[in-house]
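Biologist: I would like a close look at a single part of this model, and at what surrounds that part.

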Amino acid sequence: MSHYSLKLYDYHVWANQKNFDRLKELSKGIYEKEIQSVFPSISKVMAHIYVSDNIWLDFISGEKFDEVYASADQLREQMETKRIEEVETMFFDLSDRYKAFLDRQEDMETALVLETSFAGRLETRLSDLVQHVVNHGTYHRGNITAMLRQLGHPGVMTDYVLYLYERDMQG
């Protein structure tokens with residue numbers, strides 16, 4: 001893992017696993033319980049993270065953004081009907097696909113052009129989009145923590161520095 005963005009992606013996977021571990025410790029109903037919050041349920045937040053991660057992998061793999069974005073609603077609906085164990089498996093299958101794609105990249109600073117119907121054209125780099133995926137996940141894991149607290153349960157710490165400590169201890 002030589003490029004910084006690859007380490008960040010590894011952190012993203014680690015933090016998602018920490019969330020899944022915490023959510024599976026709680027009663028089954030918590031994952032799907034409807035609440036008045038940023039999202040109507042934790043399951044919907046997890047579906048959103050998954051669908052977004054999927055969109056970005058498809059885009060960096062060469063598909064047109066608007067085309068993959070157009071299929072997002074159908075994927076989101078499928079995700080929202082799944083049990084947490086199924087969603088966890090799907091997340092880690094997706095992370096394996098990401099890692100395989102990223103491992104094949106010779107240059108994480110490869111230039112990409114992102115064109116969307118809603119935001120226009122952006123010239124960026126692969127590493128910037130990996131950073132975006134990680135930041136997006138971090139933001140929504142924060143939503144999950146707030147929602148858990150709202151439901152009377154502590155969240156789990158997924159700070160980047162904790163990932164570094166854990167990684168260092170595993171050597």
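Which helices each supply at least two residues of the lining of the largest cavity?

Modeller: This is a predicted model, in which local features need pLDDT of at least 70 and side-chain atom pairs count only at pLDDT 80 or more, while totals for chains, interfaces and linings use all residues. Residues are numbered from 1 along each chain as its sequence is written, and side-chain values use heavy atoms, with hydrogens and water left out.

The helices are α1 (4–25) and α6 (84–103); helices are DSSP runs of H or I of at least four residues, numbered from the N terminus. A cavity here is a set of points on a 1 Å grid over the protein atoms alone where a 1.4 Å probe fits but cannot get out, and its lining residues have an atom within 4 Å of a point. Grid points are joined across faces, edges and corners, and the volume is the space filled by probe spheres set on the points. The count is 1 cavity of 30 Å³ or more, and the volume of the largest is about 50 Å³. Its lining consists of Tyr-9, His-12, Val-13, Asn-16, Asp-53, Phe-91, Phe-92, Leu-94, Ser-95 and Tyr-98. With 5 residues, α6 gives the most. By class, the lining has 6 nonpolar, 3 polar and 1 charged residues, where Ala, Val, Leu, Ile, Met, Phe, Trp, Tyr, Cys and Pro are nonpolar, Asp, Glu, Lys and Arg charged, and the others, Gly among them, polar.

Beyond the cavity, α1 packs against helix α8 (residues 160–170) at an angle of about 95 degrees, with the axes 10 Å apart. Axes are lines fitted to C-alpha atoms over the stretch in contact, and angles run from 0 to 180 degrees between N-to-C directions. The two helices are therefore roughly perpendicular, a term for 65 to 115 degrees. Contact means heavy atoms within 4.5 Å; Tyr-4, Lys-7, Leu-8, Asp-10, Tyr-11, Trp-14 and Lys-18 of α1 meet Tyr-160, Leu-162, Tyr-163, Leu-164, Glu-166 and Arg-167 of α8. This contact has 8 nonpolar, no polar and 5 charged residues.

The structure holds 15 aromatic pairs, counted when ring centres of Phe, Tyr and Trp (its six-membered ring) lie within 6.5 Å. One of them is Tyr-11 with Tyr-160, at 5.2 Å centre to centre and 85 degrees between the planes, which is edge-to-face (over 60 degrees). Tyr-11 is in α1 and Tyr-160 in α8, so the pair ties together parts 149 residues apart in sequence.

Technical notes:
On a 1 Å grid over the protein atoms alone, a cavity is a set of points where a 1.4 Å probe fits but cannot get out, and a pocket is an open set with protein on both sides within 12 Å along at least five of seven lines; lining residues have an atom within 4 Å of a point. Angles under 35 degrees count as roughly parallel, over 145 as roughly antiparallel, 65 to 115 as roughly perpendicular and the rest as oblique. Rings of Phe, Tyr and Trp (its six-membered ring) pair if their centres lie within 6.5 Å; planes under 30 degrees apart count as stacked, over 60 as edge-to-face and the rest as tilted.
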